[in-house]
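Student: I've got a model open and would like to talk through how it is put together. Can we take it piece by piece?

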Amino acid sequence: MAAQKTESAPCNLEDLDRRLHGVRWRLEYASFGTLRNLSTEVPRLVESIRVMTGWLVWGEQHDMPFIEVFQRHTMFEAFSLALRTDVCPKAIKLQVLQSISILLPKLKHSLSVDYLLSIMNPIFDIPPDLGDEELLAYFATFLKSLALRLDVGNVQRCLVDVGDNQTKSLQMPMLNSAISLVFHQDPMIQTAARTAVLVVLKLPDQDVRMLVEDAVMHLLAPELNNMAFRIGQQYKDDGLKTFQWKWAGRKYNPFRYSADQTIDETIHDLHKASHHDPSRSICLVYKSGSGQAKQKFNTPTDCIVFLQQQRLPPVSME
């Protein structure tokens, strides 16, 4: 019987050490805006980071101590710095975010995860430009990937004491960042942020529980209520008067819609519809003096919640 072929390493520790030394100083130059010949050096650096990421993933999968070489060269600290400086080229930031998102689910050893988590907090306090759609998409993926690696044993790495010498005051920058994106208009960003929040909500850690309660009270609930009020106010300003609804899934036919109704009449109708078929989708049309708009909801209950939110008053952020 032929001997099973053993997969060869992409590099040895000496090669990795030498390559990381070059990547590290070029990444620092890029972070401080002193990298020369950007047209050639930036693509080279991006490719080097991509290759080094692949090597580290291989090392984790084959119990090779590549992570120790990364630590010795403070590579993740350099990643964190690159994401927080305005002068660092966008292409490098995108690759850094992609690399961290790839690494997080691949790291096998708890010490490797702890090392990465311990230096990520500054990224959430000073994130890359989230007004850039591409950066935001990669950032949201990174946020979700990080959250999915949290457990009772490592979540303390994500807590920061912002108190003085006499008073302890914990914050969780990752959680605050996720909450800030929960209501983003992009569904992918919403999903990633909500996943991160839900993961943290499930962690049975006393400090985290207290932070979650505080964040929900002061960040999440007021933002949700104020968003609903703003939508309702917008409809009110537009002269919103009537609603119509029908079961979704059928071709457009105006005769399948209900008659024009007030918000209370529509909610009453939908409660009856929910008892009849609680899992069927609903199409809602709302009309105003400036025109009309249509929205689809997964269930009658979802539509009822939406309508009820239109009448909510704003909550003070004080």
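Student: Which residue in β4 stands opposite W247?

Tutor: This is a predicted model, so we're reading computed geometry here. Strand β4 covers residues 282–288 and runs antiparallel to β3, with six bridges joining the two. The β4 residue standing opposite W247 is I282.

Student: In what order do the three strands of that open sheet come?

Tutor: The edge strands are β3 (242–247) and β5 (291–297), as each pairs on one side only. The pairing is antiparallel, and the twist from one strand to the next averages 20°. The order is β3-β4-β5.

Student: Which helix lies across β3 and β4, and at about what angle does it run to β3?

Tutor: Two helices are worth pulling up here. Helix α13 (residues 300–309) packs on the sheet and touches β3, β4 and β5, its direction making about 25° with that of β4. The one lying across β3 and β4 is α12, residues 263–276, and its angle to β3 is about 15°.

Student: T266 lies in that helix, α12. Is T266 buried or exposed?

Tutor: Look at its surroundings, skipping neighbours within four places in sequence: T266 is in contact with F243, W245, Q261, L284 and L307. The relative accessible area of T266 is 0%, and the cut-off for burial is under 20%, so T266 counts as buried.

Student: Over to the largest nonpolar core. Which helix gives the most residues to this core?

Tutor: That core has 76 residues, and those touching the most other members are F76, I92, F142, L146, L150, M172 and M174. The biggest helical share, nine residues, comes from residues 38–61, which is helix α2. Apart from this core lies another, of 15 residues, including W245 and Y286. So the answer to your question is α2.

Student: What does I92 touch, not counting residues up to four places away in sequence?

Tutor: I92 is one of the core residues that touch the most other members. As background, nonpolar side chains in soluble globular proteins tend to be buried together. With those sequence neighbours left out, I92 touches L27, A30, V42, L45, V46 and I49.

Student: How far apart in space are F70 and L56, C-alpha to C-alpha?

Tutor: F70 sits in helix α3, residues 66–72, and is buried, with a relative accessible area of 2%. Its contacts, leaving aside neighbours within four places, include L16, L20, M52, L56 and Y115. F70 and L56 are 14 residues apart in sequence, and their C-alpha separation is 8.4 Å.

Student: What should helix α10 span at 1.5 Å a residue?

Tutor: Helix α10 has 15 residues, 187–201, and you multiply 1.5 Å by one less than that count. The end C-alpha atoms are 21 Å apart, which agrees with the expected span of 21 Å.

Student: Which residue has a side-chain oxygen reaching the backbone nitrogen of M188?

Tutor: We're at the start of α10 here, and the oxygen comes to within 2.8 Å of that nitrogen. Further along α10, the buried residues include I189, A193, V197 and V200. The residue supplying the oxygen is D186.

Student: Zooming out, how much of the protein chain is buried?

Tutor: The chain has 13 helices and five strands. Among contacts between residues at least 6 apart in sequence, 65% join residues at least 24 apart. Of the 318 residues in the chain, the buried share is 44%.

How values were computed. Residues are numbered from 1 along each chain as its sequence is written. This is a predicted model: local features need pLDDT of at least 70, side-chain atom pairs count only at pLDDT 80 or more; totals for chains, interfaces and linings use all residues. Side-chain values use heavy atoms; hydrogens and water are left out. Helices (H or I, at least four residues) and strands (E, at least two) are DSSP runs, numbered from the N terminus. Buried means under 20% relative accessible area, exposed over 50%, partly exposed in between (1.4 Å probe, protein chains only). A polar contact is a pair of N or O atoms within 3.5 Å; within protein, one must be able to donate a hydrogen and the other to accept it, and residues adjacent in sequence count only if both atoms are side-chain atoms. A nonpolar core is a set of buried Ala, Val, Leu, Ile, Met, Phe, Trp, Tyr and Cys residues joined through side-chain atoms within 4.5 Å. Contact means heavy atoms within 4.5 Å. Two strands pair if DSSP finds at least two bridges between them. Axes are lines fitted to C-alpha atoms, for helices over the stretch in contact, and angles run from 0 to 180 degrees between N-to-C directions.
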